[in-house]
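Please find below some notes on the model, set out as numbered points. They deal with internal space, the surface and charged pairs.

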Amino acid sequence: MERAASVDATGLAHWIDPNGIVHVVFDRPGEKVNLLSEAVLEELSELIDSVASREDVRGVVFASGKRGNFIAGMDVETIASVTDAFKAAEGARFGQTVFQKIADLPVPSAAMIGGVCLGGGTELVLACTVRVASDAPSVRIGLPETQLGIIPGFGGTQRLPHLVGLVGSLDLILTGKQLDAKRAYRAGLVDLVCPEEYLERETLKLLHKAATGFKRRRPLIARLVESVPPLRHLVLARARKTAAAKASPESYPAPFRALEAVDAAFALPLPQGLDLEARIVGELVPTRTSKNLIWLFKSQNALKKDPGGFVTLPRKVRRAAVLGAGIMGGGISQLVADKGIPVRLKDIRPDALLTAMRQASKIWKQQVERKRLSPRQMRQKLGFLAPTLDDSGLSRVDIVIEAVVENLEVKQKVLAQIEERVSERAIFASNTSTLPISDIAARAVRPERVVGMHFFNPVHRMPLVEVIAGAASSPEAVSTVHAFAIELGKIPVVVRDAPGFLVNRILMLYFNEALRLLGEGVAIEDADAAMTGFGMPMGPFALLDEIGLDTGQHAAAVLEGAFGKRIGSGAPAMAAVVSSGRLGKKNGKGFYLYKNGERTRPDPAIRKLVGAPAPLQLPVETLQERMVLAMVNEAAVCLEDGIVREPREVDVAMVFGTGFPPFRGGLLRYADAVGPAVLVDRLARLADAQGERFRPAGLLRDLVREERRFYVA
Ligand code: NAD
């Protein structure tokens, strides 16, 4: 076998086997994943040129030297650094040219996909004649570019539609979803799925077949729809409507531009389609939306590697227990079992356990219906979840996640009982949303094992987990909970111990301001519309209804006790609503009215209840300013107080814990975009008009004095 003379810095290697098949292997030195860069593409380009001119070559196979990873895409640092449309388009054209060389090879080519294959990696395999994937769980194939505010730029928008059809390609490109091997096969994205150990053998077999004319044909009806412009435009219009229901083209232009590119895949010859794709990439790469989305992507990855400065090796969690089978405990135990970790779910009420088990089954059943899970896998997962009314089995767990009622005494009592039953090394992680961890651990025998692990509701959807280090928490306990959150698929942000931690504290200022506006006569729907207009997934009143008004009131009381009127000045309005029996969505009446669990319209009785004067209409900008600046100011105070160490922790937490608009990059990226001087000026004016709660935080004033921003020196 003739091996490449050398494997260079990019880790690209190749050799030719006795059958004349060139094996091209990506293996970035010293890294766990392969990424594409300009250097890798240049080398690949030269390699393809040399292969194309050889008479003895009969086929080319592209593979990866990394277990569980094919190519994870283009290095985002490269995209993040480009601010010029022309340069961005040129970058896309270069990638297109290299992949076109693969498509134009005089011999067939095959991709051997044994792991993660995303973005540019997927575009490379699209240029091959055939694709084979192993059935390993690590295989995920997709084009996530629109999630980063751009579109696939190395031919993906032109080749994918012809391979998987118009509808299939829109489904992949507009959502950025990642398919496992089976789903990729069903979609037509790969031609064969085989066990991991046969991947090379099966790829070579299919390559041989490809040489003799193997081709998967798509249904005639699909091809007809695509080739008749009015029919195609009908499908595209429907997709545009779905995209518009999720986000506006002004905030998130990428999906809308992707539709244009996909249309061109059928309307234009390939070179022109590729040219349009590159031009669109050029226009999108420099946008603020794309820069913010890429920055968030990088930041969340960075925070996964950073257990808040607690640098000790985490312990592996092999068995877990969850105490309290309510909304949160039920959700958390489902998540743990979903990851294949045995979990005991304990409650003192059988009905709570029953509801939790039903809810868990419902989530898995939905996945079975969507063919994401087989019935057998669902049974396996259910088998990991063991409901119990007693403490049996607790002696062997590595972690106990406590999610009982939000009451300090109850939590302390539960902790004391648990400490007697678990091993000395077991961690006690409280899901409290407001109570300081150090208070919960105050009477603990082993306070160093007590940490906060604050999930957000609904657990299976919300990506954030606040990991709270109490005064006595050991570095090992903190780093174990941080690592466990990642294993559960969440984004952890380590925060310092204080009432409300980070997210709920900031959020409370937002609710407070909304309640003040309500008391002044602003309509519920106006306040909510102002914030959805800003980009929040729902307005403050709809969100309060979701959380539960009694829960919100309780949290506000804890925070008011700690921080005074700044946090709780909206309390009288809230108290009036709660004491009228309105608890929000859970009992079908809150700030809104509900029918069959669905929000219908604002409750007209609220105005009188909170003693609002005559209806007051304020400009949308004023409403947004008051509610958003209240949060910005509190975030600055949190940084001053050392609740988190850096602005990016605030931003990642707010985006993934509250849905703060990702296209704005987070609360403090937004603040930077406005500029500290403008913010301080507006806050000072609001403080004069509205009260001291708006007095600009010291940190903000420092930024102005020192001519700095949160992020840029
Ligand atoms: P919940 O009232 O729905 O559930 C609490 C459960 O704990 C009940 O089923 C109750 O029977 C059970 N319980 C009470 N004492 C117990 C004991 N000694 N042992 C075992 N079980 C016991 O409450 P929830 O909304 O799930 O909240 C639980 C915790 O999570 C609270 O600390 C809350 O602040 C926090 N939290 C709630 C949310 C939310 O949105 N609901 C979000 C984040 C955190």
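The points below take cavities and a pocket, then the surface, then salt bridges.

1. Status of the model. The structure is a predicted model. The values quoted in these points should be read with that in mind.

2. Enclosed space. How many cavities of 30 Å³ or more does a search of the whole structure find? The search finds three. The largest cavity holds about 60 Å³ of space, and the second largest has a volume of about 50 Å³.

3. Lining of the largest cavity. The residues around the largest cavity are Val400, Leu415, Ile418, Glu419, Val422, Ala426, Ile427, Phe428, Arg446 and Arg449. Two elements, α16 (408-421) and β16 (427-430), each contribute at least two residues to this lining. Helix α16 has the largest share, with three residues. By class, the lining of the largest cavity consists of seven nonpolar and three charged residues, with no polar ones. Glu419, Arg446 and Arg449 are among the lining residues, and Glu and Arg count as charged.

4. Lining of the second largest cavity. This cavity is bordered by Thr10, Gly11, Leu12, Phe26, Arg28, Asn34, Leu35, Leu36 and Val40. Its lining divides into five nonpolar residues, three polar residues and one charged residue. Gly11 belongs to this lining, and Gly is counted as polar in the classes used.

5. Second largest pocket. The second largest pocket contains about 660 Å³ of space. Its lining is made up of 24 residues, and those nearest the centre of the pocket are Arg131, His162, Leu163, Lys215 and Arg216. Two or more lining residues come from each of α3 (85-103), β8 (130-134), α5 (156-175) and α6 (181-187). Which element gives the largest share of the lining of this pocket? Helix α5 does, with five residues. The lining of the second largest pocket has 10 nonpolar, five polar and nine charged residues.

6. Nonpolar surface patch. Ile221, Leu224, Val228 and Leu231 make up a nonpolar patch on the surface, and together they have about 330 Å² of accessible area. One of these residues, Leu224, belongs to helix α8 (residues 220-227). Is Leu224 buried or partly exposed? Leu224 counts as partly exposed because its relative accessibility is 45%, and the class of partly exposed residues runs between the cut-offs of 20% and 50%.

7. Ser579. Helix α24 (residues 571-579) contains Ser579. This residue counts as exposed because its relative accessibility is 63%, and exposed means over 50%. Between Ser579 and Phe99 there are 66 Å in space, C-alpha to C-alpha, and the two are 480 residues apart in sequence.

8. Salt bridges within helices. The structure has 45 salt bridges. One of them joins the side chains of Glu90 and Arg93, at 3.2 Å from N to O. Glu90 and Arg93 are three residues apart in helix α3, so about one helical turn separates them. Glu90 is partly exposed, with 37% relative accessible area, and Arg93 is partly exposed at 24%. Another salt bridge pairs the side chains of Arg685 and Asp681, with 3.9 Å from N to O. Both residues of this pair lie in helix α29 (residues 676-690), four residues apart, which is about one turn of the helix. Arg685 is partly exposed, with a relative accessible area of 48%, and Asp681 counts as partly exposed at 44% relative accessibility.

9. Network. Glu90, Arg93, Asp275 and Arg279 are joined into one network by salt bridges that share partners.

10. A salt bridge between parts apart in sequence. Glu487 and Lys316 meet through their side chains in a salt bridge of 3.0 Å, N to O. Glu487 lies in helix α18 (residues 475-487) and Lys316 lies in the loop between α12 (288-304) and β12 (320-323), so the pair ties together parts that are 171 residues apart in sequence. Glu487 counts as partly exposed, at 31% relative accessibility. Lys316 also counts as partly exposed, at 46%.

Key: Residues numbered from 1 in each chain as written. Predicted model: local features only at pLDDT ≥ 70, side-chain atom pairs only at ≥ 80, totals over all residues. Heavy atoms only, no water. 1 Å grid on protein atoms, 1.4 Å probe; cavity = no way out; pocket = protein on both sides within 12 Å on 5 of 7 lines; lining within 4 Å. Points joined across faces, edges and corners; volume = space filled by probe spheres on them. Patch = residues over 30% accessible without salt bridge, like charges linked within 9 Å, V, L, I, M, F, W, Y side chains within 5 Å. Areas by Shrake-Rupley, 256 points an atom, 1.4 Å probe, with all protein chains shown as cover. Salt bridge = Lys/Arg side-chain N within 4 Å of Asp/Glu carboxyl O. Buried < 20%, exposed > 50% of the residue type's maximum accessible area, 1.4 Å probe, protein only.
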